[in-house]
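Me: Hi! I'm new to reading protein models. Could you walk me through this one?

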Amino acid sequence: MMRSFERTKIRPIKPEDKTVFTMIPAPLLEISEEDSECNIHEIITSSQYAGQIRVKRDKLFINLALFKEFFDHSLNELVIDMQEVLEHKRCADVSAVMLVVGFAECELLTKTVKQRFPQKKVFVPNEGGLSVLRGAVIYGHTPQIVSSRICNYTYGIAVSKPFKTDVMPMDKCYEHDGELWCRDMFEISYKIDTVVNIGDKKQIELNDTFLTPEVQHRRKEPLRVDIVISDKEDPTFITDEGCRKHAMITVQPPKGQWPQIVRGYVEFEIAGTEMIGSYINSETNDRTSIIIEFLPRIEHRVGNDSERRRVFDPDRIDTDNE
């Protein structure tokens, strides 16, 4: 039945058409009649779709207006997403839209897109349903074919910096090793909308000290580096609006205890659909790395608002020293 509906979905609609039909298997009719103790015509007559659908032999006839309603939600969501993409400054010179995958062959989709974006040339390639599959196969065999990507967020780490009374809030001030520091600072590595290439690397120096008696117990504790993201270009603090923790690198002390002065750096490397975050100890050259998903996804949509989220998979952490 689903295969038949897929064929109905892409079948051209003529101006004189009032209904569309799809095949309905006889066993389904038998099951519905056994469960409801009514024949299919009685079921339809007593439902909210009376007068809008009917069954004749092995065909289910659907009123054209009702059939179009099936696609209203998905078409509206698609148009919203396309509008968001096409209004971005990177797409200012986009003049054409190519529709692919099976849904692209649906006349309702092509008409909707052409009506909502009349200034764009909209076309569907031959065998558009196979376009994504072919692209996936090509990318699987030759991943370097996609040589650059766009940062959908600003990436960085949470750090502390020497406290400056005139520019830093007092609620973030704390004392460490006899000096005043400001916590929760957002140290930027890659900014949102930056074009990055596979193999690109950026480093952020990250040091720590354990000089006073009050902090000696911390020398045996792991060093934790919070990787943070923001949908703003220049966040100052990791607590600013639009910022969130994305991942964490956990580094064990060498030989069970950190030296009094620890020197190292965090490195971000672009690796296709992933980013590799590493902490490198400058003294020992030990490296602790995690793999971070670099592609955004839609978590949920409330009304017309969507939120892009990164996916961090803790099961893919690699903390082996190299």
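**Strands, hairpins and a surface patch**

Reply: Happy to! Strands S2 and S3 make a good start: they pair in the antiparallel sense over four bridges. Keep in mind that this is a predicted model.

Me: Okay, and which residue in S3 does Val55 stand opposite?

Reply: Val55 stands opposite Leu60.

Me: How many residues lie between S2 and S3 in their hairpin?

Reply: Two residues lie between S2 and S3 there, and Arg57 in the turn has a positive phi of about 55°.

Me: Where do the side chains along S2 point?

Reply: They alternate along S2. Ile53 and Val55 point to one face and are buried, while Arg54 and Lys56 point to the other face and are not buried.

Me: Why would they alternate like that?

Reply: Because in a regular strand the side chains alternate between the two faces of the sheet.

Me: Nice. What sheet does this belong to, and in what order do its strands come?

Reply: An open sheet of three strands, in the order S1-S3-S2, with antiparallel pairing. S1 (19-23) and S2 (53-56) are the edge strands, each pairing on one side only. On average, neighbouring strands of this sheet are turned by 25° against each other, ignoring direction.

Me: How many bridges do S1 and S3 have?

Reply: S1 and S3 (residues 59-63) pair over five bridges, in the antiparallel sense. As for one of the residue pairs, Phe21 has Phe61 in S3 as its bridge partner.

Me: Switching topic: which residues make the nonpolar surface patch?

Reply: Leu130, Leu133 and Val137 make a nonpolar patch of about 250 Å² on the surface. Leu133 is placed in helix H7, which covers residues 131-141.

Me: Is Leu133 buried or exposed?

Reply: Leu133 is exposed, because its relative accessible area is 52% and exposed means over 50%.

Me: And Ser230, buried or exposed?

Reply: Ser230 is buried, because its relative accessibility is 0% and buried means under 20%. You'll find Ser230 in strand S13 (residues 223-230). The Ser230 side chain reaches the backbone nitrogen of Lys232 at 3.0 Å.

Me: What about Asp208: buried or exposed?

Reply: Asp208 counts as buried, because its relative accessibility is 18% and the cut-off for buried is under 20%. Asp208 lies in strand S12 (residues 208-209).

Me: How far apart are Asp208 and Arg183?

Reply: In sequence, Asp208 and Arg183 are 25 residues apart; in space they are 13 Å apart, C-alpha to C-alpha.

Me: Back to strands! How many bridges do S8 and S9 have?

Reply: S8 (residues 173-176) and S9 pair over four bridges in the antiparallel sense. His176 has Glu179 in S9 as its bridge partner. S8 and S9 also form a hairpin with two residues between them, and Asp177 in that turn has a positive phi of about 50°.

Me: How many bridges do S7 and S9 have?

Reply: S7 (residues 154-162) and S9 (residues 179-190) pair over seven bridges, in the antiparallel sense. The bridge partner of Lys161 in S9 is Cys182.

Me: Last one: in what order do the strands of the four-strand sheet come?

Reply: That open sheet has the order S11-S16-S17-S18, with antiparallel pairing. Its edge strands are S11 (201-205) and S18 (287-293), and each pairs on one side only. The twist averages 20° from one strand to the next. S17 (residues 274-281) and S18 run antiparallel and are joined by seven bridges. In S18, Ser289 is the bridge partner of Ser278.

Note on methods: Residues are numbered from 1 along each chain as its sequence is written. This is a predicted model: local features need pLDDT of at least 70, side-chain atom pairs count only at pLDDT 80 or more; totals for chains, interfaces and linings use all residues. Side-chain values use heavy atoms; hydrogens and water are left out. Two strands pair if DSSP finds at least two bridges between them. Axes are lines fitted to C-alpha atoms, for helices over the stretch in contact, and angles run from 0 to 180 degrees between N-to-C directions. Patches are made of residues with over 30% relative accessible area and no salt bridge: like charges are joined within 9 Å, nonpolar side chains (Val, Leu, Ile, Met, Phe, Trp, Tyr) within 5 Å. Accessible areas come from the Shrake-Rupley method with a 1.4 Å probe; for residues, only the protein chains shown count as cover. A salt bridge is a side-chain nitrogen of Lys or Arg within 4 Å of a carboxyl oxygen of Asp or Glu. Buried means under 20% relative accessible area, exposed over 50%, partly exposed in between (1.4 Å probe, protein chains only). A polar contact is a pair of N or O atoms within 3.5 Å; within protein, one must be able to donate a hydrogen and the other to accept it, and residues adjacent in sequence count only if both atoms are side-chain atoms.
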